[in-house]
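Below is a colleague's note for someone opening this entry for the first time. Please keep the sequence and the model at hand while reading the numbered points.

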Amino acid sequence: MVTQTSMWKYAVQLDKEYTLRCSVCASCNSSYGWLRPIMKVLEISGHGLPWFGFCLPLLFRSYQVRDMDAFNPTANLIIGLLLDLLVSFVIKALVRRPRPAANENDMLMTVAVDNYSFPSGHCTRVAFLFYFFMTSYVIPEYLQLLLLTWTIAVSVSRVLLGRHYWSDVVCGSMIGLIQGIVINWYWKTWTLSDIM
């Protein structure tokens, strides 16, 4: 008789096996190691530092010129990015799932909790960003496709680099979409009198 425990163990084993098979860019010596520089660029594009580095000056500039059309979405985006950091940090600290064996410990600007695998913080972030931009702006179809392609590419690159298991990626993406919904529900709108 199949028990829930044995089904869970089987699912975890499948996750590990398929992740290992797909970690084809985990090192320069991997079967597709020559793609590793591209995967690293995708990794950096989904990292929090560039996003904060872009958004904070934009927020400051929109505050200086009192441009509320730029200030409000940028402020809500920063709140969402902070929520993403908090949620990822808490879940990683609670679950403490080790990264796949294929992972090379060479990620940009990591803290202790980043040694854990579940969920993928890059996936929570890019899924949140995808939802945020799709619901906050009127975007031409070709840019929507580009944004979706980037979101999927960053997510898949996490497994190809051996950074995460497939379950980390799928669950991280779902968490990111939920974060986007939360920010959308609790959207904060400031007026000129609020920031002066």
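**Notes on the helix packing**

1. Helix H3 passes helix H4 in a left-handed crossing. The contact is made from the H3 side by residues including Trp-51, Phe-52, Cys-55 and Leu-59, and from the H4 side by residues including Phe-71, Leu-77, Leu-81 and Leu-85. The axes of this pair come within 9 Å and cross at roughly 145 degrees. The reader should bear in mind that this, like everything below, describes a predicted model.

2. As for the overall picture, the secondary structure of the protein comprises eight helices and zero strands, so that reading from the N terminus gives the order α-α-α-α-α-α-α-α. Along the principal axes, the C-alpha atoms fill a box of roughly 65 × 45 × 35 Å. Of the 196 residues in the protein, 42% are buried. Among contacts with a separation of 6 or more, 76% are between residues that lie 24 or more positions apart.

3. The largest nonpolar core has 28 residues, and those with the most contacts inside it are Leu-77, Leu-81, Phe-128, Leu-129, Phe-133 and Trp-150. At least two residues of this core come from each of H2, H3 (48-64), H4, H5 and H6. Leu-81 can serve as an example: leaving aside residues up to four places away in sequence, Leu-81 touches Trp-51, Phe-52, Cys-55, Arg-125, Phe-128 and Leu-129.

4. Helix H2, which spans residues 36-45, deserves a closer look, and the buried residues there are Arg-36, Met-39, Leu-42 and Glu-43. Viewed down the axis of H2, these buried residues fall within an arc of 115 degrees, and therefore they line one face of the helix. Pro-37 and Val-41, by contrast, are exposed and sit on the face of H2 turned away from its buried side. The partners against which the buried residues of H2 pack are helix H5 (121-136) and helix H6 (141-160).

5. How do the axes of H2 and H6 cross, and within what distance do they come? The two axes come within 9 Å and cross at roughly 120 degrees, which makes H2 oblique to H6. The crossing in which H2 passes H6 is left-handed. On the H2 side the residues involved are Met-39, Leu-42, Glu-43 and Ser-45, and these meet Trp-150, Ala-153, Val-154, Ser-157, Arg-158 and Leu-160 in H6.

6. Leu-148 also belongs to helix H6, and its setting is worth checking by eye. Leu-148 counts as partly exposed because its relative accessibility is 36%, a value that falls between the limits of 20% for buried and 50% for exposed. The C-alpha atoms of Leu-148 and Ala-127 are separated by 9.1 Å, although these residues are 21 residues apart along the chain.

7. Is Ser-120, a residue of the loop between helix H4 (68-95) and H5, buried or exposed? With a relative accessible area of 0%, Ser-120 is buried. Not counting residues up to four places away in sequence, Ser-120 touches Arg-158, His-164, Asp-168, Val-169 and Gly-172. One of these, Arg-158, also appears among the H6 residues that meet H2, and a reader tracing the model may find it convenient to go from the loop to that helix pair by way of Arg-158.

Definitions and conventions: Residues numbered from 1 in each chain as written. Predicted model: local features only at pLDDT ≥ 70, side-chain atom pairs only at ≥ 80, totals over all residues. Heavy atoms only, no water. Buried < 20%, exposed > 50% of the residue type's maximum accessible area, 1.4 Å probe, protein only. Helix = DSSP H or I, 4+ residues; strand = E, 2+ residues; numbered from the N terminus. Arc of directions from axis to C-beta. Contact = heavy atoms within 4.5 Å. Core = buried A, V, L, I, M, F, W, Y, C linked by side-chain atoms within 4.5 Å. Axes fitted to C-alpha atoms, helices over the stretch in contact; angles between N-to-C directions. Parallel < 35°, antiparallel > 145°, perpendicular 65-115°, else oblique. Left-handed = near helix turned anticlockwise from the far one by under 90°.
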